[in-house]
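Open the model in your viewer and keep the selection tool ready. We will go from stop to stop, picking out a few residues each time.

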Amino acid sequence: MSVFLILTVLGVLAAAGFVLARQRAMALVGGDARQLHSRPHYYGWHGAIMAAVPALLFLAVWQIAQPMVIEGRLAGMFPAEMVQDDSARTLLFADVRRIASGLEAAISAGAMGADEAAALDAGAVRERLAATGVALGADVLPETLAAAQEYRGLATVGGLWKTVFVLALAVAGLAYAIKATGPQFRARNRVEGVVLALLILASTIAILTTVGIVLSMLSESIRFFGMYPIQDFFFGLTWSPAFQGNSQLGLIPLLWGTLYITLIAMLVAVPVGLFAAIYLAEFADARVRSVVKPLIEVIAGIPTVVFGLFALVTVGPLIRDWIAMPTGLGNSGSSVVTAGIVIGILNIPFISSLSDDIITAVPQSMRDGSLGLGATKAETVTQVVLPAALPGIVGAVLMATSRAIGETMIVTMGAGAAAQLNLNPFEAMTTITVKIVSQLTGDTEFNSPETLVAFALGISLFVITLCLNVFALWIVRRYREQYE
């Protein structure tokens, strides 16, 4: 039974658990819900949870564990030199799974019988699977085909037992919920406990995901620094990767391009976004605010690739024709200014929306006190409201800065790909994120320093944005004012 079908059956059993447990609770008290410890729907939810949640958790664990167990059993079918290296082992078992799923798909489609699939020769499997729409990149080794056949058999048996255990667990949970249902059963406490556990699980998954991302990048970065001198990476002034060897992988030119473009982006985004927020929060009437604020926030919904096209076909040529070429500073449409302006526009709604919320949160009594002392509206805004909202505004700006540092698509289309140390803002430059993408795309060897440098660049970018976010949180907490 497929996973989708199992989930459908679990959904049906959960619905049945809700109805049966609720009906049993009401029936035991003769329809008088006041005699129940909890409201009737809590008994229903308890029945649904017991029918679905344990079975779903078991299904999730089985889905993760089954491939690892099977691959552990199949590892002995290959020579030791084929499975010693982790990367080679991963690619090898990816081929095994692809062949096994291709054979299963061919059998399901009627392209070949089960006996024919079991007797298939390694020299013919590629052509036979290609005829059924499954493409294999290279010739199949006899060991790989034998492992794929074994994998298919073990996966079939595992899938059968998985279905049996999951459905048995769901039925047992449903039966337990119905049996436990009674007037004194604390269904609300049990349901709220399960909900609390799910919330904790969600938070734990979010934290573990972040930890997993950092650890994976860190491990690959350590591999890179084992191949390339760490001092040359952090202090090198030249970025010149060459996949035939002798690369120069200095971080400084990329870091300079990243910070330069981010600076221009913030010079555009901060004044426009902050002034828009002050106008909307302090000067605009409710009718204007209800129209202007949603229009500004529409910008945040535009995909970054559209901003990249805007930089490529509109902003870049305008800057080149009207400023760079007449002043003799450049002749390229791709430049730091182009990318910086467009990234700044992208960040305007981010700053204006956050700043608007922060300014609006300043108590009205502070404005009334200032106006009562004879200050004008502008003096109240500049000398009372903005100082009170300053920590939050600084935090919003720093978070927008982190977002600008991580932007990739606009830089690719608006600033070019030249890694260089140059003060001219009308010259093409690039950023760390763009080079991460370029180093990991294409048909390159994964174990080379030219590829692994992407992880070192990623961990460097992570540290930079993390420091900015920590600094923003420190500013907010250090200078935050508590109001009534």
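Select Phe307, Gly308, Ala311, Val315, Gly316, Ile319 and Ala324: these are the buried residues of helix H12. Keep in mind that this is a predicted model. Now show H13 and helix H16 (409–414) as well. The buried residues of H12 pack against both of them.

Next, colour the whole of H12, residues 304–327. Where does H12 bend? Go to Ala311, where the helix turns by about 40 degrees. Ala311 is also among the buried residues you have just selected. Then look at the two ends of H12. Its end C-alpha atoms are only 30 Å apart, although the helix has 24 residues. A straight helix would reach 34 Å at 1.5 Å a residue. Step just past the helix to Gly328. This glycine follows H12 and has a positive phi, near 75 degrees.

Now turn to the salt bridges. How many are there? The count comes to 9. Three of the pairs are on this tour.

**Stop one: Arg289 and Asp356.** Select both side chains. They form a salt bridge, with the closest N and O atoms 2.9 Å apart. Arg289 sits in helix H11 (residues 286–297) and Asp356 in helix H13 (residues 336–360). The pair links distant parts of the chain, 67 residues apart. Is Asp356 buried or exposed? Asp356 is buried, because its relative accessible area is 0% and the cut-off for buried is under 20%. Arg289 has a relative accessible area of 24%, so this residue counts as partly exposed. Now add Lys293 and Asp357 to the selection. Salt bridges that share partners join Arg289, Lys293, Asp356 and Asp357 into one network.

**Stop two: Arg367 and Glu282.** These side chains meet in a salt bridge of 2.7 Å, N to O. Arg367 lies in helix H14 (residues 364–372) and Glu282 in helix H10 (residues 252–283), so the pair ties together parts that are 85 residues apart in sequence. Arg367 is buried, and so is Glu282.

**Stop three: Glu192 and Arg188.** Zoom to helix H8 (residues 187–227), where both residues lie. They are 4 residues apart, about one turn of the helix. Their closest N and O atoms are 3.5 Å apart, and the two form a salt bridge. Check the surface here. Glu192 is partly exposed, with a relative accessible area of 40%. Arg188 is partly exposed too, at 33%.

Note on methods
Residues numbered from 1 in each chain as written. Predicted model: local features only at pLDDT ≥ 70, side-chain atom pairs only at ≥ 80, totals over all residues. Heavy atoms only, no water. Salt bridge = Lys/Arg side-chain N within 4 Å of Asp/Glu carboxyl O. Helix = DSSP H or I, 4+ residues; strand = E, 2+ residues; numbered from the N terminus. Buried < 20%, exposed > 50% of the residue type's maximum accessible area, 1.4 Å probe, protein only. Expected span 1.5 Å × (residues − 1). Bend = angle between axes of the 7 residues up to and from the residue. Contact = heavy atoms within 4.5 Å.
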